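Work through the exercises below with the structure open beside you. Try each task before you read its solution.

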Amino acid sequence: MSVEERMIKVISDVLGVEREKITMDAKFVEDFGVESIDTIELVAASEEEFDIEIPLEDAEKNTTVGKTIEYVKRRVKAKKR
Amino acid sequence: MKLCVFEDEKCEDFYPISLTRPVFALRLGMEELYKRDSRFLGLRVERAFARDYLVATSRKSMGIPVNSTEGMEKDDWLLLNGRSMNPVGISVEETDVAGMRGQDVAFIAASRRIVRKNLCADFKLFLDRLLKECDRVEADTHLAGHVWDLVLRNSQAITEDYDSIGRRGIRGDMADGSYIVGEEERVYIAPTAKVDPLVVLDAANGPIYLDEGVRVYPHTRVEGPSYIGRDSQLVGGKIREGCSIGPVCRVGGEVEESIFHGYSNKYHDGFIGHSYVGEWVNLGALTTNSDLKNDYSTVQVFLRGRPVDTNLTKVGSAIGDHVKTAIGTLLNTGTVVGVMTIVMPSGEVSPKNIPSFCLLHRNQIRGGLGFDNLIDTARKAMSRRGVELEPDDIALLKHIYDTTAEERESLIRRDRRKRARS
């Protein structure tokens, strides 16, 4: 699976959102009602899925699914170097 | 003779509580150590020496020069180790005497003559020079070595303070249907304190002091010796013996032999015992700490990343300033929680060494919310009590954030490796 597919699965599992609703421009707070505790869970699940580290302050800046996936891709790429 | 308090190199053994304050500003009994020293010795503290990064905040809170030897040559000085828990045995009449506890300087009573001769800007060097000029005697005063020494001595200290301060009796509002067990002389209710019905103040085994503005709500039982600080609220539950609750705290549930600094909350049920809690801490509902191991063996506590045997069987937690625990948090015996850390429950007891500025989530140490976010949260919490987070406070916290980064990042990496292996 690609990083994008894996990340969509993580978001779906953690937030309990149907996969078809997880579009690139979907906003975590406005569209999925994400609160700070959900962000922490999402970060933890993403870190475990990709074995990367995501500072929470970075996660808060990634307000949409698309931004988050791009961010995770960059972290995964940086790890491989 | 004028009184000066100083920190020695053992101040770091009081982490995380002494990360944000000099060791002489730790609480014991009814007050901070330096205020007790001042009262027992009958001398005003007029000078203090602490770690450099604490100068600005200490100067502000104490209202005296900190880390300045300027002008000291004009007087006789009693230089007192800030870890002193009972300076009553020190004579303020004799000079050119150094009181020792083993290798530690407990105090130096120095005449103006030797102060003038040896004074220099470097306080440590000044102290060393004075020591060479003084007769050494074994000091009666006890120096705390760790936070748990303060907790262990707290019942005795409250009783000493109660007797020393000398206030007695019901001066405030004690409602019908509230009761004192033991002698009324062993209870002090300040003029603006209020005790509701269905409250028991049990002073049979030690005094109880309710300071100005304290409110004790129904279904609270307070056992002496206990001290409840200015404008604090007890909101139901058991305040067992040996508790010192700092100013503007809200405390409920069960608390035993514990010291709380000001503005901290433990509003709901849950047990805190043999613990030392910093300022601006919020312990969520049902937060509970263990203070006794099931095999009754002595408790080990992590200090600067290394386990230290306390040689005590009852040790709770040391919780740094601005810590927040979520509902249902379970703290292991002898747990240390660093400054501004957030603890989220996992259903298991916590690891024993939780560094500053991190997040404990699923019982694993992770990077926290980030310094700026934590400062924003602290600012909001403090404004709710009408207190402003000032630039000096932020600079102090930033210093701690930077200097604790290595330990924090090392433990984050360790827990990440654990996750990767599982």
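**Exercise 1. The end of a helix**

Find the residue that follows α1(B) and state the sign of its phi. Then list which residues of that helix are buried.

Solution. This is a predicted model.
- Step 1: go to the end of α1 in chain B, which covers residues 33–41.
- Step 2: read the next residue, B:Gly42. Its phi is positive, near 70°.
- Step 3: look back along the helix. B:Leu33, B:Tyr34, B:Arg36, B:Asp37, B:Ser38 and B:Leu41 are buried.
- Step 4: recall the helix geometry. An α-helix has 3.6 residues a turn, so residues three or four places apart point the same way.

**Exercise 2. Chain A as a whole**

Describe the fold elements of chain A, and decide how its radius of gyration fits the globule rule.

Solution.
- Step 1: count the elements. Chain A holds 5 helices and 0 strands. Their order from the N terminus is α-α-α-α-α.
- Step 2: compare the radii. The globule rule gives 12 Å for 81 residues, and chain A has a radius of gyration of 11 Å, which is close, so chain A is as compact as a globular protein of that length.
- Step 3: take the extent. The C-alpha trace spans about 35 × 25 × 20 Å along the principal axes.
- Step 4: turn to burial. Of the 81 residues, 44% count as buried.
- Step 5: check the surface. Chain A exposes about 4700 Å², and carbon and sulfur atoms supply 47% of that area.
- Step 6: locate the charges. Chain A carries 14 positive and 20 negative charges, and their mean positions are 8 Å apart.

**Exercise 3. Chain B as a whole**

Repeat the survey for chain B: what are its secondary structure, radius of gyration and buried fraction?

Solution.
- Step 1: count again. Chain B has 8 helices and 37 strands.
- Step 2: apply the rule. For 422 residues, a compact globule would have a radius of gyration near 22 Å; chain B has 22 Å, so the two agree.
- Step 3: draw the box. Along the principal axes, the C-alpha atoms fill roughly 60 × 60 × 45 Å.
- Step 4: read the burial. Buried residues make up 58% of the 422.
- Step 5: sort the contacts. Take those between residues at least 6 apart in sequence; 45% of them join residues at least 24 apart.
- Step 6: finish with charge. The mean positions of the 57 positive and 61 negative charges are 5 Å apart.

**Exercise 4. The nonpolar cores**

Which residues have the most contacts inside the largest nonpolar core, and which elements give two or more residues to this core?

Solution.
- Step 1: start from a rule. In soluble globular proteins, nonpolar side chains tend to be buried together.
- Step 2: find the centre of contacts. The largest core has 49 residues, and A:Phe32, A:Val72 and B:Leu397 have the most contacts inside it.
- Step 3: name the contributors. From chain A come α1 (3–15), α2 (28–32), α3 (36–50), α4 (56–61) and α5 (65–80). From chain B come α6 (371–383) and α7 (391–403).
- Step 4: pick the largest share. α1(A) supplies it, with 6 residues.
- Step 5: inspect B:Leu397. Beyond four places in sequence, its contacts include B:Thr20, B:Val339, B:Phe357 and B:Phe371.
- Step 6: look for another core. A second, separate one has 44 residues, among them B:Ala203, B:Val214, B:Phe260 and B:Val281.

**Exercise 5. Three loop residues**

Are B:Ser317, B:Val299 and B:Leu143 buried or exposed? Use the cut-off for buried: under 20% relative accessible area.

Solution.
- Step 1: place B:Ser317. This residue sits in the loop between β29 (306–309) and β30 (318–319) of chain B. Its relative accessibility is 3%, so B:Ser317 is buried. Its contacts include B:His274, B:Tyr276 and B:Asn289.
- Step 2: place B:Val299. The loop between β27 (288–289) and β28 (300–303) of chain B holds this residue. Its relative accessible area is 0%, so B:Val299 is buried. Among its contacts are B:Lys293, B:Val308 and B:Lys352.
- Step 3: place B:Leu143. This one lies between β8 (135–138) and α5 (147–165) of chain B, in a loop. At 15% relative accessibility, B:Leu143 is buried.
- Step 4: check a sequence-distant partner. B:Asn81 is 62 residues from B:Leu143 in sequence, yet their C-alpha atoms are 7.8 Å apart. B:Leu143 touches B:Asn81.

How values were computed
Residues are numbered from 1 along each chain as its sequence is written. Chains are lettered from A and ligands numbered from 1 in the order in which they are written. This is a predicted model: local features need pLDDT of at least 70, side-chain atom pairs count only at pLDDT 80 or more; totals for chains, interfaces and linings use all residues. Side-chain values use heavy atoms; hydrogens and water are left out. Helices (H or I, at least four residues) and strands (E, at least two) are DSSP runs, numbered from the N terminus. The radius of gyration is taken over C-alpha atoms; the globule rule is 2.2 Å times the number of residues to the power 0.38. Buried means under 20% relative accessible area, exposed over 50%, partly exposed in between (1.4 Å probe, protein chains only). Accessible areas come from the Shrake-Rupley method with a 1.4 Å probe; for residues, only the protein chains shown count as cover. Lys and Arg count as positive and Asp and Glu as negative; His and the chain ends are not counted. The place of a charge is taken as NZ of Lys, CZ of Arg, CG of Asp or CD of Glu. A nonpolar core is a set of buried Ala, Val, Leu, Ile, Met, Phe, Trp, Tyr and Cys residues joined through side-chain atoms within 4.5 Å. Contact means heavy atoms within 4.5 Å.
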